[in-house]
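Open your viewer and keep the selection tool ready. We will go stop by stop, from a whole chain down to single helices.

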Amino acid sequence: MADRYLILEDGSAYLGEGFGSPAVSTGEIVFNTSMTGYQEIITNQIYHNQIIAFTQPTIGSYGINHDSYESILPTVKGVVVRDVASISTNRQRRWSLDQYLKQQNIPGISHIDTRHLAKQLRASGPMKASIVDVADAHAFDQLGATVLTNQQVAAVATPKPFPNPGTGLNVVVIDFGLKHGILRELSKRACNVTVLPYTATTEEIINLDPDGVILSTGPGKPQDLPDSVLTMIQNIQNRIPLFAIGLGHELFAMANGAQIMKLSPEHHGANHPIREVITNQIIYASQGQGFAVDPTTIDRNKLITTFVDLIDGTIQGLRYRDFPAFSVQFFPDGAPGPTDALDVFDEFVESMQQARGPVW
Amino acid sequence: MNNLQKVLIIGAGHNDIGREGQHDAAITQIGSAIRKLGIAVVLVDNNPFSVAAENNFADKVYIEPLTVGALTKIIATEQPDGLIPSLGGIQRVSLIQALIRNNVLKNNQVQLLQWDAETIDMIVNPALMSNRLKSLGQPVIASQVVASQAEADEVMAHVGFPVIVKSVAPRIEASRQLCEDEEDFVRALTMGFKVSATKQCIVEQSIVGYKEIEFIGMRDAKGTALLISGMENFDPVGIHSADSIVFAPTQTITDQEYQQFRQATLEIMQALHIVGPCHMQFALDPVTQQYYVIKVTPYFDRAMAMAARATGYPLATIAANLMVGVSLSEVKLSKRYRKQTALIEPVLDHIVCRIPIWPFNVLKKVSHQLDTVMESTGSVIGVGRSTEEALLKGLRATDESRYHVIANQPQQYSEGELIQRLIHPQAGRMLVLLEALNRGYQIDELAELTKIDAFYFYKLSHIIEIEQALREHPFDVHALGRAKYFGFTDEDAAAAWQTEPAKVSHFAIENEIHPTFKEIEPTAGEFTEQTNTYYSTYEYDNESQQLAGRRAVVIGSGPNRIGTNHGNDYLVSQLLFYLKKADYQPILINANPNSVAMTPQLAAKRYVEPKQVSDILNVLAIENPDVIFTTYHDEHLGQILTDLDYHVIQIDNSLPREQIKTNDQPAVEVITDGKDVQIFGISEIIAGNNLRSNVRGSIEVFPIQDKAENKAIEALSIEIKHRVLSYGTPGVYTVRLTIIDEELHLATIEPMSLAMIALISKASGSSVTRLLLHVKLGEPLSQVMYDYPDLAKLKRVFVQANTFPYNQLQIYDEAEVTGEPGHATGAVIAYGATLRAALDALNEGNESTDF
């Protein structure tokens, strides 16, 4: 395999071996400490325009499976690993990671000292980075000159509504770059789902007569989204049970007056203890966040904190005092990661049932 | 916390197959962690090589037989508030069950820590556990007792082939029969009914060939639980997991499978209210993804030791806190760890490969076939940044060959033989797998034949490719760089290039191919965690810097083997302990995951590395030690390092390898600094009669009980001193005496055995290793011997004998009677006011230890 370089905007360069697509690509580089689930991570739209460095040293050992996609098409800009595994493909493992990244035109680079890279990113926070063939002044100039879009949600969210029919409760999912795990959990609970673009108006949502609304996960900075999204949330949250996840959680907090702060370094992994405030129970969940709700800006008359990350102290869950509206920063659907928090979906279903009242 | 003032820990007893020192390692850490919480620790053990039983790891140590009788007395005397049941292996669980049934705990108001009494019953009786798991909705292997062919057919209709048929209470040695079809089934049942005392058979669903996965969880009394580590067996179900190569983290299972096991692990721990760590074994059907729970082990075992080594998570210290009621959120670790590390699920950015060691080179009569009976005596780990590197380092650490296993010697098997060996694996199978790849067998075909995931065959092929490239390109920077990046050494390249390792080393340095050391810590670089434990690889960033101060490198004892190593690990641990006291920075190089020497409190820094010369030199290049210690096995290595101008102190004391002729003749145990000689005391060896269970051979007695002989020997003391000074450098020695014409004469002088070092240390309460260390460092005896007691005032006589693995390995021949010292896996110690009482205690402590 060909020698390639991972170059970072601080001027550092790592020599490695290319795999996947031979394309040159640029994105924001972050590291992820999950032990399993590379396919789910690569296909999670929260990583749109990002390059993911895995600290788990061997990636690709169980190939690409049809039931592990978190989006239809991955939009990451690169995959950085210590070692990429060779495998035999079969019905279960349709493609190798290498084949898959080639198909998707995503470059990968292996033989990188990912431990050192993680320590570097831990100190610097995310940086722009490129996977290139030659690490010369020109490549660094190009990297420096590249302006990464702040319209990530527009790039990955559905432009048109689509249904995911079920026989149960009627749920509208607002798509900011939806993770499939959310739909999977709603399907398990027989929900009848309509996915709407993030630009959906209050009226469009209400017209579907939903039992509940979900604000989905998604990429990027919540402040980059139009204010109309916040208005929509403000209009919905006191009328229909609302559940917000990831980016949706950040937007929910903003709609209720809280400020969002940047996390440096970003946190991507599944091993932090998260305390549920009311029960004092500790759970683990998949997390992928570059931002967090600033706890000093929360209006305590409106919102209560429901979950806290015990390691970095970030708010991991909020609940509206007066209405059945709540949110989590982490990914309760796992995929990949622990399934400790799956009951959050049950809680959402219960809140919808309660709001609906008894059925005669 | 539970208001505990004092807890009782029951030790594991003698080392054996399956008990390699991991229990003692756990006790050293747990004992000191509990003491730090202000709770007194009482330890009972009869293992002379227990490190925990010396050096203040417990407040009070009883060297007593591990029996209901002895424990009942100790509990009555000590009145502990709590009992820690998980540190002595499965044998002690039965003992605790008896203490509960006899109301000993209840009558003395001793709280059973960690487990419910019900859990103890389930650990002892797997059928109870199986029922409980079933009631929790966990899949367990279907198993049914049948008394007729018709009943068996009915079971078969549900289970389907393949099945395993076992005879119930067989009157002969009957094995488990794997039945693939109706014909096998009828034959196995007919035979099974015939030999069964109850005319019954067990029909069990066969899961042979499934993937074997091991998960370790941790739970506190409040119910907070987390996963510590997932591990994957290279070998499929059907080979005992202790005899299997094991990788951490899991290598080939998907996130969905992984989460399924994580959830099952934590759910089972919650349902059984287990406090502390728990080891789960699962079988996974790689086709349907159906899994089964094979075993739940909440007591300390090799998998927990490996999880602790692999993750860098301070497992034992945290477990100690949980045992006495501290919650995971309340655990306070030293400042070297990030706050709340106890609650962070460990993640790895390295790969650990554990490789078993078999006793077959010593015990030639044992079947080399690998199956469901554990036969390995020890294991080693290799740590690297790729599967290849971890595997090669692990193989190298076994010391099985001068150059590691990829020697590429064609194996002289016929095609049929090779296939048989692929299907029916034997010890050392790696050579067979490589041979098959070399002969052009396809990877998928091999995966099908062996039930080993194809992933590993790609890795093995890659290793073969790298070696080939190395051979085809002598002194090629790229080929060498790549080989080293994937775990090859100077010695490997030298073999490929038919040159000297030193020349390769020189070439590597010239071309800036340098090893880099990385820390083994539980957060994959996300946080700063100082475990002071490192492994080598060849990458960009080196994390290990030379320690300040006087540095002493101690080369560890390597894997537990039959014969000598259990004593060596004790010696190494004691050296580390007393080097620290002597104001050295002790640095350990060791690849044995079960080694007590790996206890974090002992060394200032640990390198988990094999012992090939280039591996050692890489460490020495960083640390540049003032002194290096090698023990018995590493004489050759010690010599090489001496020739390279390192200051090496070789400690050549070992367990006796020859059977000592026992004519009740005494031996004098001495220490010398090279100028002066002091006598520790006089021992004698007596024939062991009526020894029970695993204890065989002769018995060492210290101090000697015969007053007249004692006098006669005192008369010889001047001659003894003279002879010792003319014989030996500073050290501890045994001077054997012989009777000629009814008079005592000096016969031979030899380095004192490790067994005797342990015996005198336990008998005198003064560490002979400490004394040995100080005279080896050149200190005069007059400054060293200050705490050695006057033996005349000792009111006790100590006896010690070796234990042997013959029962476990199913060897029944003459060796069973005598016990070759070279076959010993452990030893037991006892004492009494008289020799008779001591011998009774020795015997009492060794009930049957069948697994």
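**Stop 1: one aspartate and its neighbours**

Select A:D333, then show A:K179, A:G181, A:I182, A:R184 and A:E185. A:D333 touches each of these five, leaving aside residues up to four places away in sequence. Keep in mind that this is a predicted model.

Now look along the chain around A:D333. The residue sits in a loop of chain A, between β21 (325–328) and α10 (343–356). Is A:D333 buried or exposed? A:D333 has 26 other C-beta atoms within 10 Å, so it counts as buried; the cut-off for buried is 20 or more. The UniProt record, an unreviewed entry, places the feature "active site" at A:D333.

**Stop 2: all of chain A**

Zoom out and select chain A. Colour it by secondary structure: you should find 10 helices and 21 strands. Along its principal axes, the C-alpha trace spans about 65 × 50 × 35 Å.

How does the radius of gyration of chain A fit a compact globule? For 360 residues, such a globule would have a value near 21 Å; chain A has 20 Å, which agrees. Of the 360 residues in chain A, 57% count as buried. Take the contacts in chain A with a separation of 6 or more: 74% of them join residues 24 or more positions apart.

**Stop 3: helix α8 of chain B**

Switch to chain B and select residues 182–195. This is α8(B), with 14 residues. From first C-alpha to last, α8(B) reaches 20 Å, close to the 20 Å expected at 1.5 Å a residue.

Highlight B:F185, B:A188, B:L189, B:G192 and B:F193, which are buried in α8(B). They cover an arc of only 125 degrees around the axis, so they lie on the same side of α8(B). Why can residues spaced along an α-helix point the same way? An α-helix has 3.6 residues a turn, so residues three or four places apart do so.

Rotate to the other side of α8(B). There B:E183 and B:T190 are exposed. Then show what covers the buried residues of α8(B): the cover includes α7 (149–159), β7 (163–167), β8 (177–179) and β9 (201–205) of chain B.

**Stop 4: helix α14 of chain B**

Select residues 430–438 of chain B. In this helix, α14, the residues B:M430, B:L433, B:L434 and B:A436 are buried. Their arc around the axis is only 155 degrees, which puts them on the same side of α14(B).

Add α12 (387–397), α13 (415–423), α15 (443–450) and α16 (454–472) of chain B. These are among the elements that cover the buried residues of α14(B). Finish at B:G440, just after α14(B): this glycine takes a positive phi of about 90 degrees.

Notes. Residues numbered from 1 in each chain as written. Chains lettered and ligands numbered in written order. Predicted model: local features only at pLDDT ≥ 70, side-chain atom pairs only at ≥ 80, totals over all residues. Helix = DSSP H or I, 4+ residues; strand = E, 2+ residues; numbered from the N terminus. Rg over C-alpha atoms; globule rule 2.2 N^0.38 Å. Buried ≥ 20, exposed ≤ 12 C-beta atoms within 10 Å, placed from the backbone. Contact = placed C-beta atoms within 7 Å. UniProt positions renumbered as here; feature names shortened; annotations may be inferred. Expected span 1.5 Å × (residues − 1). Arc of directions from axis to C-beta.
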